[in-house]
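Dear colleague,

I am handing over the structure that we talked about, and my notes on it follow below. Please keep it open beside you while you read.

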Amino acid sequence: MKNNLSIRKILQSKKRIPALLFMFFLIIINGQSGPDFEILADKAFLKLYQNSDECINYTQGILVSDQNLEHKIILQNIISQAFAMKGDYVQSVNIFAQKEEAVQRNSLSYFMQIFSDYNLSDQYQNLGLYNQSTRIISMLLSDQKLLTNNDPKLRITIAKLYQLQALNSGINKNYPAALKDLDKSDQYLSNKNEENKIIVAENKIFRSFYLLKQNKLTEYKEVIENVISDLENQKNKPFLLSLAYENLSQYYFVNQDYKTCIEKLNVGLSLVHELPFNNVKIKIYESLSKAYYAIHEDYKYNYYNQLYHNLKAQTDSSSREGIRYIVKLVETNQNKSLEFQKQEFLRSFWPFIISLSLIITALFSFFLIVKNKNKDLKKQFDFFEKQISQKSQLSYDDTLLNKTTIPEKKASINKISREKEEEILQKLEEFEKSDRYLNKNMSLSLLSSQMGVNTKYLSEIINTNKEKNFNGYINKLRINHIAKLLRNNPVFLNYKVSYLAEYSGFSSHSTFTTVFKSVTGMSPNTYIQEISKSKII
């Protein structure tokens, strides 16, 4: 309305404005319109769940023509998510890095500071750095100013934060906590735009998965069938619908109805077969290979198993590069922040430093002249000089904190405090309760990154408290896990040893067999025979 009144006044003015200048003015007015951008951004977010490549092209088109800094950050976040959904984590982090390099945090609005932190926690979650993601989310959700804010943009960001927290809880198999976080996420959502509707649907899919994991089958079926029905009616979110069908297939797999399981998986695959949603394809390929293996269709098992491993290897490689990239990026930004703080400190105290330097110089000269005449003055000078030296040292230590603390860590690397040891042991206990050790790429450096712990500390704690080196520790966890599955889940007794080796995270059949025997005292085949005999008896 205000834009139209402004245009009407221009047209009624006696002054003549060239047509091109008027059009330029009109473009500026429209380009700054908040609602117009919200509509475009919402459409871009919808395309995120329709076709990643189309979303990237569409959003980049908006990005080129929009000079608003905050708009650019929101659009870059959408493009970054699109690359992540393709499994291209390097490009995802690269887009995120462009935003990080472009702005200083203190120049952003409160909303954009919160949104920027959410974006970083989302990047960590995508790359499997769950502890880092959780730390950021916990810090943000402890802010009452944020939780009580009625700004629609902040409310949907809070909903996303609770959703991420639920996913991180689910990774650690804390399903009750995950469900509570999804309930909190829903409280901040509405149905006013596509972004809100999509997050509502995502929450339903995640909720059904956690209900299934708790064997709450009646509630699970109601939620997953409801969300599938809603998505089928909309027919414009293939990613979500495919994910929902993959979720439903697990119900039939658990109940050994492999035919229906395969039917649901094929429906899900048909929705994304020609689309670049590689992450959901990986889940479907893996589930199909398991289902076909269970019904002894070796050809289709090998076919989907090969598709799964090829695509998984590709995304795993990208994930490893993404982790290295984001760790380097965060370290660089921390150093930049320290340097910026140092410069600000020097700039604000520069007049004081000059005055203090002049005073010190004058005093120093004065005391040099009279020190031989008066011993008392000499003592005062020595004392004053000592105080100045201590103050300078403190200032130096505060300004260059990183540089002064690094040698201390190296010097005391073998002297871990009792509190630190207990903290690392607690994190190892949480790790052992998850199944992240089944990841083929699990390494000491990756685990230390996920835990946010010094690599040498972690290695020393494992050697001391677990009585094994890192590889021995991980291998024992894997063998104990697969042994438990063989004992408790009859389906695994039908699998080949080569599949059990892959499932457990081992690189080869022979390594698996060797480690299995060293841990259990018998070969995998012997163990399976013993378990099978006990089942018959």
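How much area does the protein chain expose, and what percentage of it do carbon and sulfur atoms supply? The protein chain exposes about 29,600 Å², and carbon and sulfur atoms supply 53% of that area. Please keep in mind that this is a predicted model, so that every value here is computed from it.

As for the overall make-up, the protein chain has 26 helices and zero strands. Of its 537 residues, 43% are buried. If you take the contacts in the protein chain with a separation of 6 or more, 63% of them are accounted for by residues 24 or more positions apart.

I then turned to how some of the helices pack. Two packed helices are described by the angle between their axes and the distance between the axes. For helix α7 (residues 110–126) and helix α10 (residues 152–171), the axes come within 10 Å and cross at roughly 20°, which means that α7 is roughly parallel to α10. The crossing in which α7 passes α10 is left-handed. On the α7 side, the contact is made by Tyr110, Phe111, Ile114, Phe115, Tyr118, Ser121, Asp122 and Gln125, while α10 brings Lys153, Leu154, Thr157, Lys160, Leu161, Leu164, Leu167 and Asn168. Sorted by character, the residues of this contact of α7 with α10 are nine nonpolar, four polar and three charged.

Helix α7 also packs with helix α5 (residues 69–86), at an angle of about 10° and with the axes 11 Å apart, and because of that angle α5 counts as roughly parallel to α7. Here Glu70, Ile73, Ile74, Asn77, Ser80, Gln81 and Ala84 in α5 meet Phe111, Met112, Phe115, Asn119, Asp122, Gln123 and Asn126 in α7. The residues of the contact of α5 with α7 divide into six nonpolar, six polar and two charged. If you compare the two lists, you will find Phe111, Phe115 and Asp122 of α7 in the contact with α10 and again in the contact with α5.

Further along the chain, helix α21 (residues 444–451) is mostly covered, since six of its eight residues are buried. The buried residues of α21 are Leu444, Leu446, Leu447, Ser448, Gln450 and Met451. After α21 comes Gly452, and the phi of this glycine is positive, near 70°.

Is His481, which lies in helix α23 (residues 470–488), buried or exposed? His481 counts as buried because its relative accessibility is 16%, which is under the 20% cut-off. Apart from its neighbours within four places in sequence, His481 is in contact with Asp435, Tyr437, Leu438 and Tyr503.

Finally, there are two backbone details that you may wish to look up in the loops. Most residues other than glycine have a negative phi, and most peptide bonds are trans. Lys173, however, has a positive phi near 65°, and this lysine lies in the loop between α10 and α11 (175–187). With a relative accessibility of 36%, Lys173 counts as partly exposed. Gln256, which is not a glycine either, has a positive phi of about 60°, and its place is the loop between α14 (238–254) and α15 (258–272). Gln256 is partly exposed as well, with a relative accessible area of 49%.

With best wishes

Notes. Residues are numbered from 1 along each chain as its sequence is written. This is a predicted model: local features need pLDDT of at least 70, side-chain atom pairs count only at pLDDT 80 or more; totals for chains, interfaces and linings use all residues. Side-chain values use heavy atoms; hydrogens and water are left out. Axes are lines fitted to C-alpha atoms, for helices over the stretch in contact, and angles run from 0 to 180 degrees between N-to-C directions. Helices (H or I, at least four residues) and strands (E, at least two) are DSSP runs, numbered from the N terminus. Angles under 35 degrees count as roughly parallel, over 145 as roughly antiparallel, 65 to 115 as roughly perpendicular and the rest as oblique. A crossing is left-handed if the near helix is turned anticlockwise from the far one by less than a right angle, and right-handed if clockwise. Contact means heavy atoms within 4.5 Å. Ala, Val, Leu, Ile, Met, Phe, Trp, Tyr, Cys and Pro count as nonpolar, Asp, Glu, Lys and Arg as charged, and the others, Gly among them, as polar. Buried means under 20% relative accessible area, exposed over 50%, partly exposed in between (1.4 Å probe, protein chains only). Accessible areas come from the Shrake-Rupley method with a 1.4 Å probe; for residues, only the protein chains shown count as cover.
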